[in-house]
Amino acid sequence: MLDVHREILPNGFLLILSPDTSSSDEVKLTRALHRASRSEKKAILVDLSLVDTVSEEAIDLLLAYAFMLHAQERRLILCHVPQPAQHHFLYLDVASQPLLVPSLLDAIQEIDFETGSGQMSFRV
């Protein structure tokens, strides 16, 4: 149901989900999240802008990884979450809730802010 494109960013790991009609399960998403979680990056960004719906299996998988990453003091950031799926990610306890942002740019700014790379340094 989903195809996953992976991209390593300076402060995170980006996964871009797109529809895939040749597969009926979320095996590719599972593998991509597993590989991304094994990296040393502080955040995993998941861009859902190319999908119209998110299956219950994919939602459960994303919630499980949000919980696991939170326990490791890392972050799962979801952007462009389809409106029908947003309620699954809201109103959860802090340990289970991924961060939802409207765009990929917002997600990148969030991880830059958290890692401190967005701050300017001055020499005296």
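Which residues does His88 touch, not counting residues up to four places away in sequence? Glu56, Ile59 and Leu63. Keep that in mind; I'll come back to it.

Before that, the basics. This is a predicted model. The mean pLDDT of the protein chain is 86. Of its residues, 87% reach 70 or more. By element, strand S3 has the highest mean pLDDT, at 96. S1 has the lowest, at 83. The weak spot is residues 118–124, where pLDDT is below 50. Beyond near neighbours in sequence, that stretch has one contact in the model.

Strands next. S2 and S3 pair in the parallel sense, over four bridges. Within that pairing, Ile16 has Asp47 of S3 as its bridge partner. S3 and S4 also run parallel, joined by five bridges. There, Leu45 has Ile77 of S4 as its partner.

How covered are these strands? In S2, five of the seven residues are buried, so "mostly covered" follows from the under 20% cut-off. In S4, four of the five residues are buried, so the rest of the structure largely encloses this strand.

Now helix H2, residues 56–71. What should its 16 residues span at 1.5 Å a residue? The expected figure is 22 Å. The end C-alpha atoms of H2 are 23 Å apart, which agrees. The buried residues in H2 are Ala58, Ile59, Leu61, Leu62, Leu63, Tyr65, Ala66 and Leu69. Just after H2, Glu73 takes a positive phi of about 60 degrees.

On to the core. The largest nonpolar core has 26 residues. Which of them have the most contacts inside it? They are Leu15, Leu17, Leu33, Ile44, Val46 and Leu76. At least two core residues come from each of these: strand S2 (13–19), helix H1 (27–38), strand S3 (43–47), H2 and strand S4 (75–79). H2 gives the most, with eight residues. Apart from this core lies another, of ten residues. Its members include Ile77, Cys79, Val101 and Ala107.

Charged pairs will be quick. A search of the whole structure finds one salt bridge. Lys28 forms it with Asp3, and the closest N and O atoms are 3.5 Å apart. Lys28 sits in helix H1 and Asp3 in strand S1 (residues 2–8), so the pair ties together parts 25 residues apart in sequence. Buried or exposed? Lys28 is partly exposed, at 31% relative accessibility. Asp3 is partly exposed too, with a relative accessible area of 31%.

Now some loops. Ser39 lies between H1 and S3. Its relative accessible area is 18%, so Ser39 counts as buried. Leaving out residues up to four places away in sequence, Ser39 touches Phe13 and Arg74.

Then backbone angles. Most residues other than glycine have a negative phi. Where do we see a positive one? His80 has phi near 60 degrees. This residue is in the loop between S4 and H3. With a relative accessible area of 33%, His80 is partly exposed. Tyr91 also has a positive phi, of about 65 degrees, although it is not a glycine. Tyr91 is in the loop between H3 and S5. At 77% relative accessible area, Tyr91 is exposed.

Back to His88, as promised. Where is it? His88 is in the loop between helix H3 (83–86) and strand S5 (99–101). At 23% relative accessibility, His88 counts as partly exposed. Its contacts, leaving out residues up to four places away in sequence, are Glu56, Ile59 and Leu63. Ile59 and Leu63 are among the buried residues of H2. How far apart are the C-alpha atoms of His88 and Asp60? They are separated by 9.0 Å, with the two positions 28 residues apart along the chain counted as their spacing.

To recap. Parallel pairing links S2 with S3, and S3 with S4. H2 gives eight residues to the largest core. One salt bridge turns up, in a search of the whole structure. And residues 118–124 have pLDDT below 50. That's it from me.

Conventions. Residues numbered from 1 in each chain as written. Predicted model: local features only at pLDDT ≥ 70, side-chain atom pairs only at ≥ 80, totals over all residues. Heavy atoms only, no water. Expected span 1.5 Å × (residues − 1). Buried < 20%, exposed > 50% of the residue type's maximum accessible area, 1.4 Å probe, protein only. Core = buried A, V, L, I, M, F, W, Y, C linked by side-chain atoms within 4.5 Å. Salt bridge = Lys/Arg side-chain N within 4 Å of Asp/Glu carboxyl O. pLDDT = per-residue confidence, 0-100. Contact = heavy atoms within 4.5 Å. Pairing = 2+ DSSP bridges.
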